[in-house]
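User: Please take a close look at the metal site in this structure. I would also like to know what surrounds it in the fold.

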Amino acid sequence: MPSDLERAMETLITVFHRYAGREGNKASLSRKELKQLMETELSSFLKSQKDPGAVDKIMKDLDANGDGEVNFEEFVSLVVGLSIACEQIYQMHQKQTAGVKKP
Ligand SMILES: [Ca+2]
Ligand SMILES: [Ca+2]
């Protein structure tokens, strides 16, 4: 029986390959595949980005080796970056909740 963290890692791998395998190189996300992944799996994050060129900007930021595609390693850096941002919001929320209990 896998742990929560093991399941989370497996999910990352499964989601990445679900989109990466759609066209061209099966081991990396093209711009179109990245856009599909973000529209489906990160829709609330994408909606929060007012810039219509957000996907292109993210693609450029993620593509560390400059081959025009996002491989798993590059994709993980997006997930890590978003997780760090979410954890900060979580901490703020925890502090606010604690503040309510102890005036
Ligand atoms: Ca691909
Ligand atoms: Ca790349």
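Analyst: The calcium ion (ligand 2) has as protein donors D63 (OD), N65 (OD1), D67 (OD), E69 (O), E74 (OE) and E74 (OE), at 2.2 to 2.6 Å. Donors here are N, O and S atoms within 2.8 Å of the metal (3.2 Å for Na, K and Ca); water is not among the atoms, so sites may look incomplete. This is a predicted model, in which local features need pLDDT of at least 70 and side-chain atom pairs count only at pLDDT 80 or more, while totals for chains, interfaces and linings use all residues. Residues are numbered from 1 along each chain as its sequence is written, chains are lettered from A and ligands numbered from 1 in the order in which they are written, and side-chain values use heavy atoms, with hydrogens and water left out.

Along the sequence, the donor residues follow the spacing D-x1-N-x1-D-x1-E-x4-E. The arrangement is irregular because the 6 donor atoms subtend angles of 52 to 158° at the calcium ion (ligand 2). Six donors count as octahedral if opposite donors are over 155 degrees apart and all others between 65 and 115; four count as tetrahedral if all angles lie between 85 and 135 degrees, or as square planar under the rule for six; anything else is irregular.

Two of the donor residues can be placed by accessibility (buried is under 20% relative accessible area, exposed over 50%, partly exposed in between; 1.4 Å probe, protein chains only). D63 is buried at 13%, whereas D67 is partly exposed at 46%.

Next comes the nonpolar core. A nonpolar core is a set of buried Ala, Val, Leu, Ile, Met, Phe, Trp, Tyr and Cys residues joined through side-chain atoms within 4.5 Å. The largest one has 17 residues, and those with the most contacts inside it are L29, L34, L37, M38, L62, V70 and F75. Two or more of its residues come from each of α1 (4–20), α2 (31–41), α4 (54–62) and α5 (72–101); helices (H or I, at least four residues) and strands (E, at least two) are DSSP runs, numbered from the N terminus. Beyond its neighbours within four places in sequence, V70 is in contact (heavy atoms within 4.5 Å) with F16, S28, L29, L34, M59, L62 and F75.

Helices α1 and α2 are also linked through charged side chains. R18 and E41 form a salt bridge (3.7 Å, N to O), defined as a side-chain nitrogen of Lys or Arg within 4 Å of a carboxyl oxygen of Asp or Glu. R18 lies in helix α1 and E41 in helix α2, so the pair ties together parts 23 residues apart in sequence.
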